[in-house]
Amino acid sequence: MLTRLFPVWAVLVSLMAVLRPGPFLVITPVITPLLAFIMFTMGVTLTVADFRRIARKPYPVLAGVALHYLVMPLAAWGIAKALAMPNDLTTGMVLVGCVASGTASNVMIYLLRGDVALSVSISTLSTLVGIVATPLLTRLYVAADVAVDSWGLFRSILTLVAVPVVGGVLVNTFCHRAVRRMEPVLPLVAMVAILTIISSIVAAAAPALGAVGPLVLVGVILHNAVGLLGGYWGGRLLGFDESVCRTLALEVGMQNSGLAATLGRLYFSPLAALPGAVFSIWHNISGSALAAIWASRPPRRN
């Protein structure tokens, strides 16, 4: 129940960080290890069978990953330019567009009666593809006058994503019984870690929020909407049934925005981290609402 109220906690924590940024700035040094821990918790929910599933059902999985990395980076760049965002915010928007699918999408797809197995497969493959795609796409879309440390981004993604996820899979493989006992508390622990990251990033950007906060919120809402629509209608154009289309909508529209926020803070500026923090809040609100609507309307098969 506590984890389902994540958007509420995220908004409350963000408000506290704006009003009293000092205590939240103290935790800035732990953001990077916290994100690695979140990715580890994702890894321990995966098994070798999840990777076999990708091989058995490749077409929808490949379509989902392709739509994700085609729609979201381009939409982020286009929206940032249309709204005349400054360079730091544009970079933050692009980072959100260039990261992998968010793990929260798996929960939303379960709630809306979508294809959970497909969701896990897309999330897994997009995370692996993102190790290379995120730094390359960021460099492609970020303005020429903004320095992008592609190799640094690649090293950080290896450290923050690849190593923790692989470590989690190995722990689940060799210590499966222990993982099963801890599994019920992992979502709550991961939520607390994400809230900690959001609060620190919002606190760092608090001085500029009055000027750019509304602009970032509009950009994030548009970006998320384009992703949801692009995933759903991309699936329809490819001839998939309704359940798959719903799954693609959330897999494309929901991002690993915690990673984007952390990379923005590490390699650019507090402002570049802000779109990721706001996206973390908004995509859970929109995803929960969409899950509630679709859950009341069972998918029809084509």
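The following exercises, each with a worked solution, concern a predicted model.

**Exercise 1. The enclosed space**

Determine how many cavities of 30 Å³ or more the model holds, and which residues line the largest cavity.

*Solution.* Rolling a probe the size of a water molecule over the atoms shows where empty space is left.

Step 1. The count comes to 1 cavity of 30 Å³ or more. The largest cavity encloses about 50 Å³ of space.

Step 2. Its lining consists of Tyr69, Val99, Ala100, Thr127, Gly130, Ile131, Thr134, Ile157, Val161, Asn256 and Leu259.

Step 3. Two elements each give two or more residues to this lining, namely helix H8 (116–141) and helix H9 (150–174). The largest share, 4 residues, comes from H8.

Step 4. Sorted by class, the lining of the largest cavity has 7 nonpolar and 4 polar residues, with no charged residues.

**Exercise 2. A covered helix**

State how many residues of helix H13 are buried, and identify them.

*Solution.* Step 1. Helix H13 spans residues 257–267, and 8 of its 11 residues are buried, so the helix is described as mostly covered by the cut-off of under 20% relative accessible area.

Step 2. The buried residues of H13 are Ser257, Gly258, Leu259, Ala260, Ala261, Thr262, Leu263 and Gly264. One of them, Leu259, is also a lining residue of the largest cavity.

**Exercise 3. The second largest pocket**

Describe the volume of the second largest pocket, the elements that line it, and the classes of its lining residues.

*Solution.* Step 1. The volume of the second largest pocket is about 320 Å³. Its lining comprises 15 residues, of which Ser14, Val18, Leu209, Gly213 and Val278 are the closest to the centre.

Step 2. H1, helix H11 (186–237) and helix H14 (270–295) each give two or more residues to this lining. The greatest contribution, 7 residues, is that of H11.

Step 3. By class, the lining of this pocket has 12 nonpolar and 3 polar residues, and no charged residues.

**Exercise 4. A nonpolar surface patch**

Identify the members of the nonpolar patch and the helix that gives the most to it, then classify Val11 as buried, partly exposed or exposed.

*Solution.* Step 1. The patch on the surface is formed by Leu5, Val8, Val11, Leu12, Leu15 and Ile285, which together have about 440 Å² of accessible area.

Step 2. Helix H1, residues 6–19, gives the most to the patch, with 4 residues. Val11 is located in helix H1.

Step 3. The relative accessibility of Val11 is 37%, and therefore Val11 counts as partly exposed.

**Exercise 5. The salt bridge**

Locate the salt bridge in the structure and state whether its partners are buried or exposed.

*Solution.* Side chains of opposite charge can pair when their charged atoms come close.

Step 1. The structure holds 1 salt bridge. Its partners are Glu242 and Arg246, whose closest N and O atoms are 3.1 Å apart.

Step 2. Both residues belong to helix H12 (residues 242–253) and lie 4 residues apart, about one turn of the helix. An α-helix has 3.6 residues a turn, so residues three or four places apart point the same way.

Step 3. Glu242 and Arg246 are both buried.

**Exercise 6. A contact across the chain**

Classify Leu222 by its relative accessible area, and give the separation of its C-alpha atom from that of Ala76.

*Solution.* Step 1. Leu222 is part of helix H11. Its relative accessible area is 40%, so Leu222 is partly exposed.

Step 2. Leu222 and Ala76 are 146 residues apart along the chain, while their C-alpha atoms are separated by 8.9 Å.

Notes
Residues numbered from 1 in each chain as written. Predicted model: local features only at pLDDT ≥ 70, side-chain atom pairs only at ≥ 80, totals over all residues. Heavy atoms only, no water. 1 Å grid on protein atoms, 1.4 Å probe; cavity = no way out; pocket = protein on both sides within 12 Å on 5 of 7 lines; lining within 4 Å. Points joined across faces, edges and corners; volume = space filled by probe spheres on them. Nonpolar A, V, L, I, M, F, W, Y, C, P; charged D, E, K, R; others polar. Patch = residues over 30% accessible without salt bridge, like charges linked within 9 Å, V, L, I, M, F, W, Y side chains within 5 Å. Areas by Shrake-Rupley, 256 points an atom, 1.4 Å probe, with all protein chains shown as cover. Salt bridge = Lys/Arg side-chain N within 4 Å of Asp/Glu carboxyl O. Buried < 20%, exposed > 50% of the residue type's maximum accessible area, 1.4 Å probe, protein only.
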